[in-house]
Amino acid sequence: MNIGRILLSKTSLPSGHYYSLISKKKMMTEKKTKKGYEKKKKMMRKRSKENMVQKLYDTCKQVFANGKAGYIPPPPDIQLLTSLLDSLEPKDIKFTAPSLEASCSSPGTKEAPLVTYIKLHECNKFSIGIFCLPPSGVIPLHNHPGMTVFCKLLSGTMHATSYDWVQNQHQFNNCRELQAPGMRLAKVHVDADFTAPCNASVLFPESGGNMHTFKALTPCILLDVLGPPYSEAEGRHCQHYQQHISFSDVKEMEVIKEDETRTYAWLEERNDQFVVLGGTYDGPKIQR
């Protein structure tokens, strides 16, 4: 009955009036679509004019306001900074990147090409910097003592491997004979390729892959936020490591958790220095 009344009311209307209703509805839809498009266009223009580097600095200043060694920002602050980093694109930084296509290594050597580091900001609370890696460029395995670190791959493809120290090493009794003096057992947190655009990663003082290494598979630009930054005076020394024997079948090592499938490796401290080229930042200015 309801359907019949609706149909009857439509057919009872003069044909011209009926089509005028449809026409008005179509016009309203088109107006709404145009309004939405104009709004989106306006937002894009606003974003293009916005200093995203300044916004990154202001957000870091807020997130690391109480920053000190071992400080982990609360979840809302971590989400705030990761969301901003996830939205960043190379064009937002607007700096002149060095030429990354050609290798910077000496001809006839097996050394990895040099990596360029460009500092955007550094204070006792946090630092913001950009690593520019040519193909096969490597950031060697290193730690972040008492630090929370945010990494964002802005362009390119790289392989990342990260580790955390094993706290209960006594579980691995069967592999103790493989341990040499100065070695310590670590578990793999990440071992994968990443291609921009991708989400930012976060590591913490004792978890999330506090020790990591990167190898560029293509020219790469990596944004790095450290809170707090390295400081020899405050005991935050950047220590490098070398991976030795690794294990993929942990069940043979009498691990308490039978379902554990992570890979483990022995890491040894190295005294090698990581040499980088210093670059000059010529992007949007930061108002401190």
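This passage describes the fold, nonpolar cores, largest pocket and selected residues of a predicted model.

Residues are numbered from 1 along each chain as its sequence is written, and side-chain values use heavy atoms, with hydrogens and water left out. In this predicted model, local features need pLDDT of at least 70 and side-chain atom pairs count only at pLDDT 80 or more, whereas totals for chains, interfaces and linings use all residues.

The protein contains five helices and 12 strands; these are DSSP runs numbered from the N terminus, helices being H or I runs of at least four residues and strands E runs of at least two. Of its 288 residues, 39% are buried (under 20% relative accessible area; exposed is over 50% and partly exposed in between, with a 1.4 Å probe and protein chains only). Among the contacts with a separation of 6 or more, 79% are between residues 24 or more positions apart, a contact meaning heavy atoms within 4.5 Å.

The largest nonpolar core (a set of buried Ala, Val, Leu, Ile, Met, Phe, Trp, Tyr and Cys residues joined through side-chain atoms within 4.5 Å) has 29 residues, and Leu56, Leu81 and Ile130 have the most contacts inside it. Two or more residues each come from helix H3 (52-63), helix H4 (75-87), S1, S2, strand S4 (148-155) and S9. H3 gives the largest share, six residues. Beyond residues up to four places away in sequence, Leu81 touches Leu56, Thr59, Cys60, Val63, Phe64, Phe150 and Val225. Another core, of 18 residues, lies apart from the largest one and includes Leu133, Ile139, Met147 and Val149.

Helix H4 also holds Ser87, which is partly exposed at 30% relative accessibility. The C-alpha atoms of Ser87 and Met52 are 9.7 Å apart, with their positions 35 residues apart along the chain.

The largest pocket has a space of about 640 Å³. A pocket is an open set of points on a 1 Å grid over the protein atoms alone, where a 1.4 Å probe fits, with protein on both sides within 12 Å along at least five of seven lines; lining residues have an atom within 4 Å of a point. Its lining comprises 28 residues, of which Phe131, His142, Tyr230, Cys238 and Phe274 are the closest to the centre. Strands S1 (115-122), S2 (127-133), S3 (138-142), S8 and S9 (220-227) each give two or more residues to this lining. By type, the lining has 12 nonpolar, 10 polar and six charged residues (Ala, Val, Leu, Ile, Met, Phe, Trp, Tyr, Cys and Pro count as nonpolar, Asp, Glu, Lys and Arg as charged, and the others as polar).

His212 is in strand S8 and is buried because its relative accessibility is 6%. Its side chain forms a polar contact of 3.4 Å with that of His144 (a pair of N or O atoms within 3.5 Å, one able to donate a hydrogen and the other to accept it; residues adjacent in sequence count only if both atoms are side-chain atoms). Asn210 is in the loop between strand S7 (201-203) and strand S8 (211-216), and is buried at 7% relative accessible area. The Asn210 side chain reaches the backbone oxygen of Pro205 at 3.2 Å. Outside four places in sequence, the contacts of Asn210 include His142, His144, Met147 and Tyr163.

Asp272 is found in the loop between strands S11 (264-270) and S12 (276-279). Asp272 is partly exposed because its relative accessible area is 40%.

Methods. Grid points are joined across faces, edges and corners, and a volume is the space filled by probe spheres set on the points.
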